[in-house]
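Q: Could you walk me through this model step by step? I'm new to reading structures, so please explain the terms as they come up.

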Number of protein chains: 2
Amino acid sequence: MLSFVEENYLKAIYHLSEGGKRSVNTNALAEEMKTAPASVSDMIKRLSEKKMVDYQKYRGVNVSEKGKFKALHVIRQHRIWKVFLVEKLNFQWDQLDEVAEQLEHIKSPLLLQRLDEFLGFPKFDPHGDPIPDENGQLIEKRKDPITQLPVGTSGIVVGVNGSSASFLKYLDKVGISIGTRLQIVDRMEFDGSVDVTIDGKKTITISMAVAENILLSEA
Amino acid sequence: MLSFVEENYLKAIYHLSEGGKRSVNTNALAEEMKTAPASVSDMIKRLSEKKMVDYQKYRGVNVSEKGKFKALHVIRQHRIWKVFLVEKLNFQWDQLDEVAEQLEHIKSPLLLQRLDEFLGFPKFDPHGDPIPDENGQLIEKRKDPITQLPVGTSGIVVGVNGSSASFLKYLDKVGISIGTRLQIVDRMEFDGSVDVTIDGKKTITISMAVAENILLSEA
DNA sequence: AATTTTTATTAGATTCATCTAAATACTATA
DNA sequence: TATAGTATTTAGATGAATCTAATAAAAATT
């Protein structure tokens, strides 16, 4: 059984190593954890003894298979809770992390399972990040801008490029947000503008500039 | 800011003192916390320094005003989460406490407020215990068995006496649970059985044995 | 290649929450 | 009221997570 703190270190190592791809150095981890490098050294040693990380002195650290699984479980909880906070409790994006970082450490498989069910087994969190499944599998869906998908494609909005306030306001106004289902129904050759149906209800036309900044995941 | 453990001690002292009425001795608290009496002495000293409890050596301990407020806040969170678990996630009564005891320590006024709203500002938890308000006020509603209320009375089921599986199953079958609104429409003098209307929909007859074990709060 | 700079680790303390064992205060009984 | 028994507290340790200061290793620079 890992402590809250150990779980947080593991999650940070997972993120900084980009899912285990490259090893993480002590100072980067110290900065991420807002703690002293010496504390990081201590903790890494402990996690290493628990076989949660692969570690050699002065060589950086990375998650082990076991540690990666654990990290993905915490990330799963984090993202599922975020969905709950946004969809059920109307949280704003900037209020999410503080609370989700507490909720992600609740230890109850039953709670997680029921919550997942209650939310309709979401695949993406409100930021468009994929939710790992119970086995730690990250179905890393391709995210494509609308401009690169053929007419007829249907998918879920999983993210946006750029985040100017005016762009987000526009999306909000036309009723597009993370999780919205879009179908591409037509594309005008002369200017690249696209007709999309939003959640199967209304169809609107978006400019190419907008289309290339909305990321869809086919599903 | 109190730690999880400190919050749990405070809650235990609040409960064992019956809301601050009588002082709590070390051994009782040690048993409640499943810890050694010596550890309790240590912790009480710490809580005393933080002015959360009133304490004199060898004289037992009790919550201070500050501590009582804090305890009631934790209890509020505990009970609101329980409502969520039962009403939204279909938890069974016996699965509740383990999870609620984790959730009660989440620190986020916004979360609590939104959750309370999401649940429709419940006044009682699924065990029929009252939920303290934001100011720590416990609207201690009288709980009366149906047998002691006059015909015509309407109220909410806030608890049951005893908890034999067969009794609970019976209640479930006829559609009575915590929160159900009942109106007493008739009482048979010869055997004490009672006709009650359930949620304004259907009327059934319950035996006196059943009636004396269902607790109503007039409202 | 030698030296400086950066990065990482160890050493030694501190705080929290716990423990066991020993000492002390209170309570009840003979 | 002295004593036996129980309840409570102190003393001294331990493990987790942290800190600062000092040391050691690696990397970069001259």
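**Around the DNA strand**

A: Of the 20 residues around DNA strand C, those that come nearest are A:Asn25, A:Asn27, A:Ala38, B:Ser3 and B:Ala38, where a residue is near a molecule or strand if its C-beta atom, placed from the backbone, lies within 6 Å of it. This is a predicted model, in which local features need pLDDT of at least 70 and side-chain atom pairs count only at pLDDT 80 or more, while totals for chains, interfaces and linings use all residues. Residues are numbered from 1 along each chain as its sequence is written, and chains are lettered from A and ligands numbered from 1 in the order in which they are written.

Q: Which elements give two or more residues to the surface near DNA strand C?

A: They are α2 (26-32) and α3 (37-49) of chain A, together with α1 (4-16) and α3 (37-49) of chain B, and α3(B) gives the most, with 5 residues. Helices (H or I, at least four residues) and strands (E, at least two) are DSSP runs, numbered from the N terminus.

Q: And how do the residues of that surface near DNA strand C divide?

A: They divide into 8 nonpolar, 8 polar and 4 charged; here Ala, Val, Leu, Ile, Met, Phe, Trp, Tyr, Cys and Pro count as nonpolar, Asp, Glu, Lys and Arg as charged, and the others, Gly among them, as polar.

Q: OK, switching to the two protein chains: how many residues does the contact take from chain A and from chain B?

A: The contact takes 16 residues from chain A and 16 residues from chain B, two residues being in contact if their C-beta atoms, placed from the backbone, lie within 7 Å. On the side of chain A that touches chain B, α5 (96-103) and α6 (109-118) of chain A each supply at least two residues, and α6(A) gives the most, with 5 residues. The residues of that side of chain A divide into 8 nonpolar, 4 polar and 4 charged.

Q: What turn lays chain A on chain B?

A: A turn of 178° with a shift of 0.0 Å along the axis lays chain A on chain B with an RMSD of 0.6 Å, and that is the relation of a two-fold axis. The superposition is by least squares on the C-alpha atoms of residues with pLDDT of at least 70 in both copies. The same surface serves both copies, since 100% of the contact residues of chain A recur in chain B.

Q: Which residue of chain A comes closest to the rotation axis?

A: Of the residues of chain A, that is A:Leu103, at 3.8 Å (C-alpha).

Q: New topic, α1(B): which residues in it are buried?

A: In α1(B), B:Tyr9, B:Leu10, B:Lys11, B:Ile13 and B:Tyr14 are buried, which here asks for 20 or more other C-beta atoms within 10 Å of a residue's own (exposed is 12 or fewer, partly exposed in between, with C-beta atoms placed from the backbone). The buried residues of α1(B) pack against α2 (26-32), α3, β1 (53-55), β2 (61-63) and α4 (65-87) of chain B.

Q: Last one: what order do the strands of the open sheet in chain B have?

A: The open sheet of 6 strands in chain B has the order β3-β8-β4-β5-β6-β7, with antiparallel pairing; two strands pair if DSSP finds at least two bridges between them. β3 (144-145) and β7 (202-206) of chain B stand at the edges, each with a single partner strand, so one side of each is left without a neighbour in the sheet.
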